[in-house]
Amino acid sequence: METEVRVPSGAPALLKLAVYVDENDVVPGALRLVAELRPHWDRQRVRTKLFTDGITNKLVGCYVGNNMEDVVLVRVYGNKTELFVDRDNELKSFQVLHANGCAPKLYCTFQNGLCYEFMHGIALGPQHVRETVLFRYQTLILLFLFKINWHCLVDHTKSLCLCTFFILVVIQTR
């Protein structure tokens, strides 16, 4: 049985924009999306930052001037990634996690991607998993994820197995 995520009732409707962003030239499309999402922004002052660490997706941050407090991230899906990523379930999972304070706000979807809130911080790496304070904090986060009302999942088994596997890998590295 495939895992299907259901968005909780009462979740806000997701804005869907009929925009296609060229994955080889993402900035013009990102600016079109930002004009829709932030109409009050002065278009002449909008700056962009292209993030290059992704494997398949293209990611660009849009903001005004030097103000990094309100950054819209535009993620353009990589070519043919829909063959191995269920985009519909990805969006629903994003919404469930956001409703529980575990993911940034999702602003909209467009034909080949999505826009969401930028959250300040750093990505954790293997060296962080070994730090006692962060290890304990990560464990608390995993426990919180288990407490989320996952009734929205048709089949819990795959998600629980993946989380359990992750915990075992973390414990093994200790």
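Let me start with a charge and a ring. In this predicted model, Lys49 lies over the face of Phe51, at 5.3 Å from the ring centre. A second arrangement of this kind involves an arginine: Arg87 lies over the face of Tyr77, and the distance to the ring centre there is 3.7 Å. As for rings beside rings, the count comes to one aromatic pair.

Both members of the first charge and ring couple return when we turn to enclosed space. The structure holds one cavity of 30 Å³ or more, and the volume of the largest cavity is about 30 Å³. Which residues line the largest cavity? They are Lys49, Phe51, Gly61, Tyr63, Met68, Val71 and Phe118. In terms of elements, β2, residues 46–51, together with β3 and β4, each give two or more residues to that lining.

One residue of that lining, Phe118, merits a closer look. Phe118 sits in the loop between β6 and α3, the latter being residues 126–129. Is Phe118 buried, partly exposed or exposed? Its relative accessible area is 22%, so Phe118 is partly exposed; the cut-off for buried is under 20%. Leaving aside neighbours within four places in sequence, Phe118 is in contact with Val71 and Leu73. Phe118 and Ala103 are 15 residues apart in sequence, and their C-alpha atoms are 10.0 Å apart in space.

Let me now step back to the chain as a whole. The chain contains five helices and six strands. Read from the N terminus, the order of elements is β-α-β-β-β-α-β-β-α-α-α. Of the 174 residues, 36% count as buried. If we take the contacts with a separation of 6 or more, 54% of them join residues 24 or more positions apart.

That brings me to the nonpolar interior. In soluble globular proteins, nonpolar side chains tend to be buried together. Here, the largest nonpolar core has 20 residues, and those with the most contacts inside it are Leu33, Val72, Val74, Phe110 and Cys115. Four elements each supply at least two residues of this core: α1 (26–37), β3 (58–64), β4 (67–76) and β5 (106–110). Which element gives the most to this core? The answer is α1, with five residues.

Val74 serves as an example from this core. Not counting residues up to four places away in sequence, Val74 touches Ala30, Leu33, Lys58, Leu59, Val60, Cys62, Phe110, Leu114 and Cys115. There is also a second, separate core of 11 residues, which includes Val71, Phe94, Ala103 and Leu106. Two of these names have been heard already: Val71 lines the largest cavity, and Ala103 was the distance partner of Phe118.

From the cores I move to open space. The largest pocket holds about 1200 Å³. It is lined by 25 residues, and the closest to its centre are Cys102, Pro104, Met119, Ile122 and Ala123. The elements that give two or more residues to the lining are α2 (87–99), β6 (113–117) and α4 (132–147). Of these, α4 provides the largest share of the lining, six residues.

Helix α2 also contains Ala99. Ala99 has a relative accessible area of 59%, and is therefore exposed, the cut-off for exposed being over 50%. Although Ala99 and Pro12 are 87 residues apart along the chain, their C-alpha atoms are separated by 9.8 Å.

I would like to finish with two loop residues. Asn57 is found in the loop between β2 and β3. With a relative accessible area of 22%, Asn57 is partly exposed. Which residues does Asn57 touch, not counting those up to four places away in sequence? They are Arg75, Val76, Tyr77, Gly78, Thr81 and Arg87. Among them are Tyr77 and Arg87, the ring and the charge of the arginine arrangement I described at the start. Asn57 and Gly113 are 56 residues apart along the chain, with 8.9 Å between their C-alpha atoms.

The other loop residue is Lys80, located between β4 and α2. What is notable here is the backbone: phi of Lys80 is near 65°, a positive value in a residue other than glycine.

Note on methods: Residues are numbered from 1 along each chain as its sequence is written. This is a predicted model: local features need pLDDT of at least 70, side-chain atom pairs count only at pLDDT 80 or more; totals for chains, interfaces and linings use all residues. Side-chain values use heavy atoms; hydrogens and water are left out. Rings of Phe, Tyr and Trp (its six-membered ring) pair if their centres lie within 6.5 Å; planes under 30 degrees apart count as stacked, over 60 as edge-to-face and the rest as tilted. A charge sits over a ring if NZ of Lys or CZ of Arg is within 6 Å of the ring centre and within 35 degrees of the ring normal. A nonpolar core is a set of buried Ala, Val, Leu, Ile, Met, Phe, Trp, Tyr and Cys residues joined through side-chain atoms within 4.5 Å. Buried means under 20% relative accessible area, exposed over 50%, partly exposed in between (1.4 Å probe, protein chains only). Contact means heavy atoms within 4.5 Å. On a 1 Å grid over the protein atoms alone, a cavity is a set of points where a 1.4 Å probe fits but cannot get out, and a pocket is an open set with protein on both sides within 12 Å along at least five of seven lines; lining residues have an atom within 4 Å of a point. Grid points are joined across faces, edges and corners, and a volume is the space filled by probe spheres set on the points.
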